[in-house]
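Here are a few exercises to work through with the model open in your viewer. Try each task before you read its solution.

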Amino acid sequence: MTDDDFDFDLFVIGTGPGGEGAAMQASKGGLKVGIAERYRQIGGGCTHWGTIPSKALRYTITETTNVLKNPVFREMGLQASPTMEQLRRGTAAIIGKQVAMRQSFYDRNGVPVYSGQARFVDEHTVSIDNGERIRSKAFVIATGTRPYRPPGVDFDHPRVYDSDTVLTMAEKPNSITVYGAGVIGTEYASMFRNLGIKINLVNTRSGLLEFLDDEIIDALAYHLRDQGVLIRHNETFDRIEGHDDGVILHLESGKQLKTDVLLWANGRSGNTEDLGLENVGLEVNSRGQLEVDEQFQTANPHIYAVGDVIGFPSLASAAYTQGRAAGMHLLGRKDGNLRLDDIPTGIYTSPEISSVGKTERELTAARVPYEVGHSQFKSLARAQIMGTTVGMLKLLFHRETLKILGVHCFGANASEIVHIGQAVMDSEDLTLEYFIETTFNYPTMAEAYRVAALNGYNRLF
């Protein structure tokens with residue numbers, strides 16, 4: 001085939017972070033790129049019903065709660081109970097800004113956006129809903145995921161929600177059962193508890209977020225319970241019974257939990273069922289996810305897949321980096337120039353959590369001689385000023401070389417603070433001594449690095 005036989009060098013399916021990253025990287029590299037989006041606006045689930053709206057709501061809840069708890073305002077007699085509609089009021093404007101900004105990226109880079117579901121007809125052809133056929137040399141599948149909906153659960157019931165629908169809740173309930181204690185479940189449990197809603201958090205595992213460092217897990221569990229969240233571990237649902245006045249969750253252990261509403265937050269499924277994958281010889285796993293190699297190529301080498309549709313780590317930040325990596329590979333850059341194994345976690349509970357690098361559990365199993373440095377936020381002047389004294393920064397470093405091996409943060413602004421440690425950890429030249437020798441602004445949360453470094457260094461002698 002000649003170049004004239006193709007409409008594009010690369011055609012991307014999905015305009016979420018993964019698709020955008022691939023399209024922008026390939027376009028800026030000189031390739032002719034097109035992209036398809038089946039939703040009425042670009043941006044994917046991240047923009048419209050996931051990351052952006054949930055974090056916008058979390059911010060509004062946090063700020064509103066802080067104001068209502070402020071003793072100055074309470075002395076003035078300020079008391080209020082905001083409605084869900086009031087709390088969501090600014091979300092639509094933020095989403096609109098995100099859509100407009102991202103549309104400008106495609107416009108500036110000459111990437112046409114096709115509206116409709118794209119389906120493979122053969123290995124180099126997709127059809128769009130309107131019947132138009134597009135031929136491309138290569139493809140990137142970036143279709144994301146949706147909440148897993150097991151058979152037997154009536155998600156049409158007005159009191160049963162999943163993470164895609166919970167933000168449409170019209171009235172603020174008095175109680176919620178959250179089934180599933182992964183990242184999404186714990187974030188929503190924390191968020192709604194800050195509104196004074198009674199929360200049952202049902203975990204199918206023995207502990208919360210087991211991929212985190214054990215000390216962070218313990219801190220999260222303690223503070224959720226301290227806030228009034230009732231956590232139930234090692235439980236599995238038997239059936240869900242919806243009523244006019246609430247929902248009863250029947251557990252296999254025999255327990256029955258009745259609350260005003262139920263949020264199902266247990267697992268995600270890949271959006272792959274309507275892609276025509278059978279026409280290009282691709283199969284998915286039990287959760288509808290595609291398998292890829294380290295270059296994000298599927299079993300069909302000219303078809304890549306990135307983002308949540310390939311599974312872990314299922315982060316918007318990771319999806320964008322993976323999309324860029326696929327675009328670079330297509331451009332012939334195969335030297336691993338992106339830090340794909342260095343993606344921090346960002347968990348927006350209250351307080352939030354962020355970490356990068358190894359955990360104590362991993363270092364112990366690998367028999368790496370490490371030491372720990374702590375900084376408690378309650379001792380930081382900036383945290384005292386802001387009234388955000390719950391939390392800590394934890395540094396793991398090699399006892400002999402002093403290289404940073406892991407950074408774990410629990411508390412206000414954790415997802416911002418972690419990047420300082422990430423930069424030092426990735427440096428070939430910098431060690432723990434960087435934090436000891438560097439002057440930090442005072443008062444700041446970043447000062448926690450100096451405190452933690454000195455704390456750890458003192459343990460060596």
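**Exercise 1.** Work out what the buried residues of helix 14 pack against in this predicted model.

*Solution.* Start with the helix itself: helix 14 spans residues 448–457, and its buried residues are A448, Y449, A452, A453 and G456. Buried here means under 20% relative accessible area. Next, look at how these residues sit around the axis: they cover an arc of only 125 degrees, so they end up on the same side of helix 14. Now list the partners, counting heavy atoms within 4.5 Å as contact. The strands are strand 20 (370–376), strand 21 (391–398) and strand 22 (404–411), and the helices are helix 12 (414–426) and helix 13 (432–437).

**Exercise 2.** Find the strand order in the open sheet that contains strand 13, and explain why strand 12 and strand 14 each have one side without a neighbour.

*Solution.* Begin with a pair: strand 12 and strand 13 (residues 246–251) run antiparallel and share six bridges. For a landmark, check G242, which faces V247 in strand 13. Add the third strand and the order reads 12-13-14, with antiparallel pairing. Strand 12 (237–243) and strand 14 (256–259) are at the edges with a single partner strand each, so one side of each lacks a neighbour in the sheet. Finally, check the twist: it averages 15 degrees from one strand to the next.

**Exercise 3.** Which helix gives the largest share of the lining of the second largest pocket?

*Solution.* First size it up: the pocket's volume is about 290 Å³. Its lining has 15 residues, with H48, W49, P53, T91 and I95 nearest the centre. Helix 3 (51–69) and helix 6 (91–108) each contribute at least two lining residues. The largest share, four residues, belongs to helix 6.

Conventions: Residues numbered from 1 in each chain as written. Predicted model: local features only at pLDDT ≥ 70, side-chain atom pairs only at ≥ 80, totals over all residues. Heavy atoms only, no water. Pairing = 2+ DSSP bridges. Axes fitted to C-alpha atoms, helices over the stretch in contact; angles between N-to-C directions. Buried < 20%, exposed > 50% of the residue type's maximum accessible area, 1.4 Å probe, protein only. Arc of directions from axis to C-beta. 1 Å grid on protein atoms, 1.4 Å probe; cavity = no way out; pocket = protein on both sides within 12 Å on 5 of 7 lines; lining within 4 Å. Points joined across faces, edges and corners; volume = space filled by probe spheres on them.
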